Amino acid sequence: MASTKPKAAAGAVSSSDMPIDYRTIDRISGPLLFVRDIERAAYGEIVEITLPNGERRQGQVLDSRKGLAIVQVFGPTMGMDVETTAVRFMGKVATLAVSDAMLGRVFNGLGEPRDGGPRIISDKELEIVGNAMNPYSREEPSEFIQTGLTNIDMMNTLVRGQKLPIFSGAGLPHNQIAAQIVRQAKLRNSSESFAVIFAAMGITSEEANFFLKEFESTGALERTVVFLNLSSDPSMERIITPRMALTTAEFLAYERDMHVLVVLTDMTNYCEALREIAAAREEVPGRRGYPGYMYTDLATLYERAGKIHGRKGSITQLPILTMPADDITHPIPDLTGYITEGQIVASRDLQRRGIYPPIDVLTSLSRLMNQGIGKGRTRDDHRGVADQLYAAYATGKDQRALSAIVGEESLSEVDRIYLKVADRFEAEFVGQRPDEDRTIDESLAIGWSILSELPEAELKRLKPEFIQQYYQRTKAA
Amino acid sequence: MGIVARVSGPVVIAEGLDNGKMFDVVRVGDLGLVGEIIRLVGNTATVQVYEDTTGIRPGDKVENTGQALSVELGPGLLTSIYDGVQRPLDVLKKNLGDFITRGFVAAPLDEKKVWEFTATAKIGAEVSGGTILGTVQETPLILHKVMVPPGVSGTLAALKSGNFTIRDPIGSVTTKTGSVPLGLSQKWIVRVPRPVQQKLAPAIPLLTGQRVIDTFFPVAKGGTACIPGPFGSGKTVCQQQLAKWSDADVVVYVGCGERGNEMTEVLATFPNLQDPKTKRPLMERTILIANTSNMPVAAREASVYTGITIAEYYRDMGYDVALMADSTSRWAEAMREISGRLEEMPGEEGYPAYLGRRVAEFYERSGRVIALSPDQRAGSVTVVGAVSPPGGDFSEPVSQNTLRVTRVFWALDAALASRRHFPSINWLQSYSLYVGDLEPWYRDHLARDFGPLRQRAIETLQKESELQEIVQLVGVDALPEREKAILDVSRMLREDYLQQSAYDDVDTYTSIGKQYRMLRAILSFGDQEQDAIGKGATVGQLQKLPVRQKLSRMKWIPEGELQASFDRLETEMAEAVASVTAGGV
């Protein structure tokens, strides 16, 4: 730090004192250091820890009282001792230097270059724990993003400024789905592409390579910023990684007018890091040992998606999480689902039957769908077709379960049609090739083609004019 | 003045704070972050801070304001959007930009706005808490009644009509202890219920235009209801539908720890929606409190109290107020988080041992009451609380503690939601304990046979669930025709009556009169089916009748032509069914 008093730099916590090295570590427990004899450590202050071998690591104050500061170390505590390890309180909270030069670069989980390139030098330093967006400033997200995946575009429409997670399970192709969305996402009738921020938390190097290669081969890398924390990297960094990513996203969206798509993977690893700290602090655990404030903590990440009145850019979030044992009631998907605007749920059942993308329509949801569809956005019959397909598919699945017991012969004529509808729905509507980019009109046509199997009297959710316009025409064709 | 001794998340421990009282508001650090004393040991106070505490360090100053957390009540509340501690979010935006920074104090009500006050009380009259001094037309929908604050009584010494801001004196009362100035606004401590003269028994339904609620599980004006449901089951849409269409005079909508975009949706849609009775924008009767999930957790804890205090204030004027709290689970979690930071001994699932008491105290602030006033005016606060049980499991502490004190239970069902049956209120699990209390109202104001019709519909649906179990084993074809007919009519009840689209311009609201006619039409069709079967017809034949399509489109019959349209429909129905049996089988 400069010896002159810095003028209200971002993140400064009003400290003009010269930093002092404290060699007063009392106890090291898990990722936590207990530093004695410090009188005035600020809550959230960043510290620099110098190990006996000269190596430096970062940490952050989690609890401060007279004579004691509890510091969470971002990184391993291996090699730290209580006698000679020095702790320096930096007088500022965690910040990130941001600039346009970040596009095309790969950083580690703490925002340091990982690609051998230079450090980012910028006079723009932003606090990584962003302030809450004023709900009054928010603009209602309503611009339809065409992902080219029929299932998402038709039934769980994604809009700009939404946060829509993928709930997946071990062994399911969530990475392929995410990559396909990133590759194909665009506004209708627009060639404007998204800037992509990719934040990896605790994923394997294979998964990371998959994404990097994908970005490279599609030419997306130059408009991508990557933050990589691999499974071999320190778990504590994972607490910082998504905040680095979202701070960058806010800079690009609100100061550079870009439309940013943020992919956060895997949120399960993030939550586990959170639990690790909570356990080390001996906090009262909530459900399954996760801390009671996990909802609030996750909200401070997810709520950073959105749009602001009067600003051009937007932040759309696509977090990925793997549900332990495919359990959607597990605290991680559960709390996430309560914050995000819907969820895309991957289904093992569809996967087993060889259907890609294996997205279960019935449990998936997009809460902002209504704002993004309809006349002028997609097409006026979109809502009705989607509702009718939901109902038909749900009925068809019921009939499938029933026919497994009583046999297909004892179903009524109409019910047998529903069986067929469910089969066609899965094979043609949900199923598509990983490189298939369907327009919304193509997707709607597939929808009508399936609905044309049903007798007209069954189409209770469609307005008569749409039936006339599309059903009868499809039927005739 | 005290100093910070420890800081950990939203909890700060302050030493040397003299004369601190429980729940006094304090200002922490150079930024003056707002906090509240929640524990006192000697002159050491534990403070929950309503703003992010990053950067606070031991040794920072802590100032006691000596006052408990209060809200300011007066004209200008309606159409406002506040955070959890009544800071207007539009003012914050004007001053701070699009992101909320810390330590900013904003007046809850516009101090510069001039209101036209019409005095109605007579100088020299004896007045006491609740006496109406005069009125201000706050919005075209709501006449704001300016009242003597509770606890003040004496002789009205001065009062004048005219144009005033909320800071101007409008008169004074001579009390035993001296002269008390009067203004358009008053302050009230949020954690203390505003006093009333008497609580009344529930007798009038809060009509919501939602068929499953008004017909099957009604809530009374002044009653309490609880909507628990897993995510994606439509809690928020339900709450918003109630906020939009319920026949309350004033609606307070508390977005407690929920999504920012949901509040944006309310802000974007309410000004464009019309009140069905008055055709005025709904925003004119609405107050929003938005403490989204990423805003400070302690302010979330306060937000429900801020909301209910405002609701009580309008109740005291004689209005029927509906308060929607979405979601009380987030409020309970805020309590849990703060309790954890205080290292209190946890009760169930880490929640503090006082969870049940706090929940009960909150809901107890609802009710239909005779307000504190000489003119015996009645008003009500209806509280509808959403609960977000983890994993949709209703056995968790927040759901259970809420169910113990609320009298209506709208159980949202993920299975219904995933087949897009909305509102996904499960008709077998839900209940309303007000049905008996409200029976006389429905009988006198709607129709004599409404109660029995309702009962029959519920029985039909129950019978359906029993029959479905059999169908799962043997298939529909094995059932006798009479039972198939029960399945047929209950399917109509489910699809054409219970399901209601919040997004359809007409279907979104159904008047109670129309609900009665729709229900009657479906059930009488069921009766006629049974008759026809007695004469040898089959359900298969009856299902092919074209008149059934008209039945399923009943929801689109305009409110203006109910009588004629339904009479015609019932006649056509009877003729169509008769034609099946007349034609011979």
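This briefing covers the chain contacts, domains, cavities, salt bridges and backbone features of a two-chain structure. The model is predicted. Chain A and chain B bury about 6400 Å² between them. The whole structure holds five cavities of 30 Å³ or more, and the search over all chains finds 82 salt bridges.

**Chain A against chain B**

- The contact takes 76 residues from chain A and 77 residues from chain B.
- Carbon and sulfur atoms give 51% of the roughly 6400 Å² buried between the two chains.
- On the chain A side, Tyr43(A), Tyr136(A) and Tyr338(A) supply 13% of the area buried against chain B. No other three residues of chain A supply more.
- Six salt bridges are counted between chain A and chain B.
- A salt bridge joins the side chains of Glu15(B) and Lys66(A), at 2.9 Å from N to O.

**Domains of chain A**

- The domain assignment splits chain A into domain 1 (21-92), domain 2 (96-370) and domain 3 (382-476).
- Domain 2 and domain 3 of chain A have C-alpha centres 32 Å apart.
- Their contact involves 29 residues of domain 2 of chain A and 27 residues of domain 3 of chain A.
- About 2200 Å² is buried between domain 2 and domain 3 of chain A, with 57% coming from carbon and sulfur atoms.
- Within domain 2 of chain A, the residues that lose the most area to domain 3 are Thr150(A), Met154(A) and Met155(A). Together they account for 28% of what that side buries.
- Three salt bridges cross the interface of domain 2 and domain 3 of chain A.
- Lys186(A) and Asp437(A) form a salt bridge through their side chains, at 2.9 Å from N to O.

**Domains of chain B**

- Chain B is assigned four domains: domain 1 (2-68), domain 2 (112-184), domain 3 (196-432) and domain 4 (450-581).
- The C-alpha centres of domain 2 and domain 3 of chain B are 31 Å apart.
- In this contact, domain 2 of chain B uses 15 residues and domain 3 of chain B uses 17 residues.
- The buried area between domain 2 and domain 3 of chain B is about 1300 Å², and carbon and sulfur atoms give 63% of it.
- Leu141(B), Ile142(B) and Met147(B) lose the most area on the domain 2 side, together 41% of what that side buries.
- Zero salt bridges are found across the interface of domain 2 and domain 3 of chain B.

**Largest cavity**

- The largest cavity holds about 180 Å³ of space.
- Its lining has 19 residues. Closest to the centre are Arg287(A), Leu335(A), Glu333(B), Arg336(B) and Pro390(B).
- Three helices each supply at least two lining residues: α6 (294-302) and α7 (331-339) of chain A, and α6 (328-341) of chain B.
- With four residues, α7(A) gives the most to this lining.
- The lining of the largest cavity comprises nine nonpolar, three polar and seven charged residues.

**Second largest cavity**

- The second largest cavity holds about 60 Å³ of space.
- Its lining includes Gly129(B), Met147(B), Arg194(B), Asp316(B) and Arg377(B).
- Six nonpolar, two polar and three charged residues make up the lining of the second largest cavity.
- This cavity lies between domain 2 (112-184) and domain 3 (196-432) of chain B, because both give residues to the lining.
- Met147(B) thus appears twice: in the lining of the second largest cavity, and among the residues of domain 2 of chain B that lose the most area to domain 3.

**A salt bridge within chain B**

- Glu51(B) pairs with Arg87(B) in a salt bridge, with the closest N and O atoms 3.7 Å apart.
- The two residues are 36 residues apart and link distant parts of the chain.
- Glu51(B) sits in the loop between β5 (44-49) and β6 (61-68) of chain B. Arg87(B) sits in the loop between β8 (81-82) and α1 (89-96) of chain B.

**Backbone features**

- The peptide bond from Thr265(A) to Asp266(A) is cis, with omega near 0°. Asp266(A) is in the loop between β17 (259-265) and α5 (267-280) of chain A.
- A cis peptide bond also runs from Tyr356(A) to Pro357(A), with omega near -10°. Pro357(A) is in the loop between α8 (348-352) and β21 (365-366) of chain A.
- Phe23(B) is not a glycine, yet its phi is positive at about 65°. Phe23(B) belongs to the loop between β2 (11-15) and β3 (24-28) of chain B.

Technical notes: Residues are numbered from 1 along each chain as its sequence is written. Chains are lettered from A and ligands numbered from 1 in the order in which they are written. This is a predicted model: local features need pLDDT of at least 70, side-chain atom pairs count only at pLDDT 80 or more; totals for chains, interfaces and linings use all residues. Side-chain values use heavy atoms; hydrogens and water are left out. On a 1 Å grid over the protein atoms alone, a cavity is a set of points where a 1.4 Å probe fits but cannot get out, and a pocket is an open set with protein on both sides within 12 Å along at least five of seven lines; lining residues have an atom within 4 Å of a point. Grid points are joined across faces, edges and corners, and a volume is the space filled by probe spheres set on the points. Ala, Val, Leu, Ile, Met, Phe, Trp, Tyr, Cys and Pro count as nonpolar, Asp, Glu, Lys and Arg as charged, and the others, Gly among them, as polar. Domain bounds come from an automatic or database domain assignment. Contact means heavy atoms within 4.5 Å. Buried area is the accessible area (1.4 Å probe) that two parts lose on being put together, summed over both. A salt bridge is a side-chain nitrogen of Lys or Arg within 4 Å of a carboxyl oxygen of Asp or Glu.
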